[in-house]
Amino acid sequence: VTTVDEGPVELGKIVALIREFVKARDWEQFHRPTSLAMSASIELGELLELFQWKSDDEIVQALHESGYKEAVGSEIADVLIYLLRLCDVTGVDITEALLRKMKKNEEKYPVKDWEGRAPSKLNRRQTQ
Ligand SMILES: [Mg+2]
């Protein structure tokens with residue numbers, strides 16, 4: 001199965017879809033956490049390659065071309081597929097992990113202190 005029903009899809013369903021794809025090919029034996037993390041990083045490199053040597057303006061321009069946008073989407077998907085698979089083999093509930101992390105980020109970067117400021121340690125507003 002390589003398709004899901006139309007409409008919003010839960011991340012858990014995507015994880016299950018990837019699991020099914022892997023199992024059908026007997027690839028579970030290769031999916032050690034380190035290999036999956038490396039693979040995600042390699043795919044991120046492929047994404048960066050699409051931006052390499054392009055200015056911000058050139059990237060914005062290129063995104064209007066469907067082939068380029070599709071290529072960007074394809075590499076983002078590759079990264080996420082490996083990360084979701086990594087969640088599956090390590091038992092991480094990605095929905096729970098994302099929500100927990102966003103709650104932490106809300107606390108770490110209150111809007112009153114960080115609105116319009118890049119999230120760098122160097123930009124932390126001085127408090128007396
Ligand atoms: Mg790729």
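# A walk through the model, stop by stop

Start by colouring the protein by pLDDT, the predictor's confidence in each residue, from 0 to 100: the average is 93, and 93% of the residues score at least 70. This is a predicted model, where local features need pLDDT of at least 70 and side-chain atom pairs count only at pLDDT 80 or more, while totals for chains, interfaces and linings use all residues. Residues are numbered from 1 along each chain as its sequence is written, and side-chain values use heavy atoms, with hydrogens and water left out.

**Stop 1: the helices.** Helices here are DSSP runs (H or I, at least four residues), numbered from the N terminus, and strands would be E runs of at least two. Select α2 and then α6 (residues 111–114): confidence is highest in α2, with a mean of 98, and lowest in helix α6, at 95.

**Stop 2: the core.** Now pick Val15, Ile18, Val22, Leu84, Cys87 and Ile94, which make up the largest nonpolar core. Such a core is a set of buried Ala, Val, Leu, Ile, Met, Phe, Trp, Tyr and Cys residues joined through side-chain atoms within 4.5 Å. Buried means under 20% relative accessible area, exposed means over 50%, and partly exposed is in between (1.4 Å probe, protein chains only). Two elements, α1 and α4 (66–90), each give two or more residues to this core. Which of them gives the most? That is α1, with three residues.

Zoom in on Ile18. Setting aside neighbours within four places in sequence, Ile18 is in contact (heavy atoms within 4.5 Å) with Ile81, Leu84 and Arg85. Then move on to a second, separate core of five residues, among them Leu47, Ile59, Ala62 and Val72.

**Stop 3: the charged pairs.** Side chains of opposite charge can pair when their charged atoms come close. The structure holds five salt bridges, each a side-chain nitrogen of Lys or Arg within 4 Å of a carboxyl oxygen of Asp or Glu. Show Arg19 and Asp88 as sticks: their closest N and O atoms are 2.8 Å apart. This pair ties together distant parts of the chain, with Arg19 in helix α1 and Asp88 in helix α4, 69 residues apart. Both ends are partly exposed, Arg19 at 38% relative accessible area and Asp88 at 22%. Add Arg85 to the selection, and you have a network of salt bridges linking Arg19, Arg85 and Asp88.

Next, go to helix α5 (residues 94–108), where Glu107 and Lys103 lie four residues apart, about one turn of the helix. Their side chains meet in a salt bridge at 3.4 Å, N to O. Buried or exposed, what is Glu107? Glu107 counts as exposed because its relative accessibility is 54%, and Lys103 is exposed as well, at 54%. Further along, Asp113 forms a salt bridge with Lys112, with 3.4 Å between the closest N and O atoms. Lys112 is exposed, at 65%.

**Stop 4: the surface.** Switch on the surface and select Phe21, Trp27 and Phe30, a nonpolar patch with about 300 Å² of accessible area together. Patch residues have over 30% relative accessible area and no salt bridge; like charges are joined within 9 Å, and nonpolar side chains (Val, Leu, Ile, Met, Phe, Trp, Tyr) within 5 Å. The areas come from the Shrake-Rupley method with a 1.4 Å probe, and for residues only the protein chains shown count as cover. Look for Trp27 in the loop between α1 (11–24) and α2 (33–51). Trp27 is partly exposed, at 35% relative accessibility.

**Last stop: a long span.** Click Ala37, which lies in helix α2 and is partly exposed at 38%. Then draw a distance from its C-alpha atom to that of Gly116: the two are separated by 32 Å and are 79 residues apart along the chain.
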